[in-house]
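User: I am new to this structure and would be grateful for a close look at a single part of it. Please take the sheet as the centre of the account, and then describe what lies around it.

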Amino acid sequence: ICKGLNNNNTLLNLNISNNDIHSKGISQGLNLISICKLFYLNISNNPLLDEGLKHLSDSLTFFENLHTLNVANCSFHFSGFEHLMKTLQFNKRIEYLNVSGNNLKKSNFEILKPCFSSFGIRNLNMSKCLLGNENASILGECIMGNESLKKINISENKISDLGFKTFIPLFSNNNNIEVFDCSINFISDVTAKEFIYNMK
């Protein structure tokens, strides 16, 4: 597949999800690509791990037209995610990113603030990432100054009122958000009312 992608000018959408592609396989394969015209890449549900995601991140420069990247359920953790985000900080082409279903819980999540404030992503899916209250609070602060983000999904992250409160000012200070999915968390009526009031 990667040999076929090398200098390919016709293939735009590639879906290789739900296979058994490991970090070694993706690393070796991507070494064969010098440039390609892919617009959409879905590699979700493959055990890439942190090593595979890091190699994919380093190879994004070869995907000069890539708009959509789906790496959901790829068994990576914060280390791989951090590497990806630091790459996307300088990559303004990718507008849709799906990292759902990976364990992104980390005590020093705030180190990603510069990445979140400067990336060009418009649609970010971080559902089922085990964020919890602490990381959710930091994430709310991270995206506060972002001007590109239009849609964000933080559903199923075990977030209660404590972690959700930093998202409330987002809708009074940031007029860019169009879609916000915070379903299947532990947000109370009181916080929900405060959230809706700030949206006025």
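Analyst: The following account begins with the sheet and then turns to helices and cysteines.

The model is predicted. Its sheet is open and consists of seven strands in the order 1-2-3-4-5-6-7, with parallel pairing. Strand 1 (13–15) and strand 7 (179–181) occupy the edges; each has a single partner strand, so one side of each is left without a neighbour in the sheet. From one strand to the next, the twist averages 0°. As a general matter, the strands of a sheet pair through backbone hydrogen bonds, and the pairing may be parallel or antiparallel.

One edge can be followed in detail. Strand 6 (residues 151–153) and strand 7 run parallel and are joined by three bridges. Within this pair, Ile152 has Phe180 of strand 7 as its bridge partner.

Strand 3 offers a view of a single residue in the sheet. Asn70 belongs to this strand. With a relative accessible area of 11%, Asn70 falls under the 20% cut-off and therefore counts as buried. Apart from neighbours within four places in sequence, the residues in contact with Asn70 are Leu41, Asn42, Ile43, Ser44 and Asn98.

Strand 3 also leads to the surrounding helices. The buried residues of helix 3 (residues 49–59) are Asp50, Gly52, Leu53, Leu56, Ser57 and Ser59. Their cover includes two strands, strand 2 (40–42) and strand 3 (68–70), together with helix 2 (23–30) and helix 4 (78–88).

The packing of helix 3 with helix 4 can be described further. Two packed helices are described by the angle between their axes and the distance between the axes. For helix 3 and helix 4, the angle is about 5° and the axes are 8 Å apart. Because angles under 35 degrees count as roughly parallel, helix 3 is roughly parallel to helix 4. On the side of helix 3, the contact is made by Asp50, Leu53, Lys54, Ser57 and Asp58, while helix 4 contributes Ser79, Gly80, Phe81, His83, Leu84 and Thr87. The residues of this contact divide into three nonpolar, five polar and three charged.

Another helix to consider is helix 6. Eight of the 11 residues of helix 6 (residues 132–142) are buried, so this helix is largely enclosed by the rest of the structure. The buried residues are Gly132, Asn135, Ala136, Ser137, Ile138, Leu139, Gly140 and Cys142. They pack against helix 5 (113–118) and helix 7 (161–164).

Cys142 raises the matter of disulfides. The count of disulfides comes to zero. Cys129 is in no disulfide, since the nearest cysteine sulfur, that of Cys74, is 11 Å away and the cut-off is 2.5 Å. Cys129 is buried, with a relative accessible area of 0%. For Cys142, the closest cysteine sulfur is in Cys115, at 8.7 Å, which is too far for a bond. Cys142 is likewise buried, its relative accessible area being 3%.

A final residue to examine is Leu170, which is found in helix 8 (residues 170–173). Leu170 has 0% relative accessibility and counts as buried. In sequence, Leu170 and Met144 are 26 residues apart, while in space they are 5.9 Å apart, C-alpha to C-alpha. With neighbours within four places in sequence left aside, Leu170 is in contact with Ile143, Met144 and Ile177.

Technical notes:
Residues numbered from 1 in each chain as written. Predicted model: local features only at pLDDT ≥ 70, side-chain atom pairs only at ≥ 80, totals over all residues. Heavy atoms only, no water. Buried < 20%, exposed > 50% of the residue type's maximum accessible area, 1.4 Å probe, protein only. Helix = DSSP H or I, 4+ residues; strand = E, 2+ residues; numbered from the N terminus. Contact = heavy atoms within 4.5 Å. Pairing = 2+ DSSP bridges. Axes fitted to C-alpha atoms, helices over the stretch in contact; angles between N-to-C directions. Parallel < 35°, antiparallel > 145°, perpendicular 65-115°, else oblique. Nonpolar A, V, L, I, M, F, W, Y, C, P; charged D, E, K, R; others polar.
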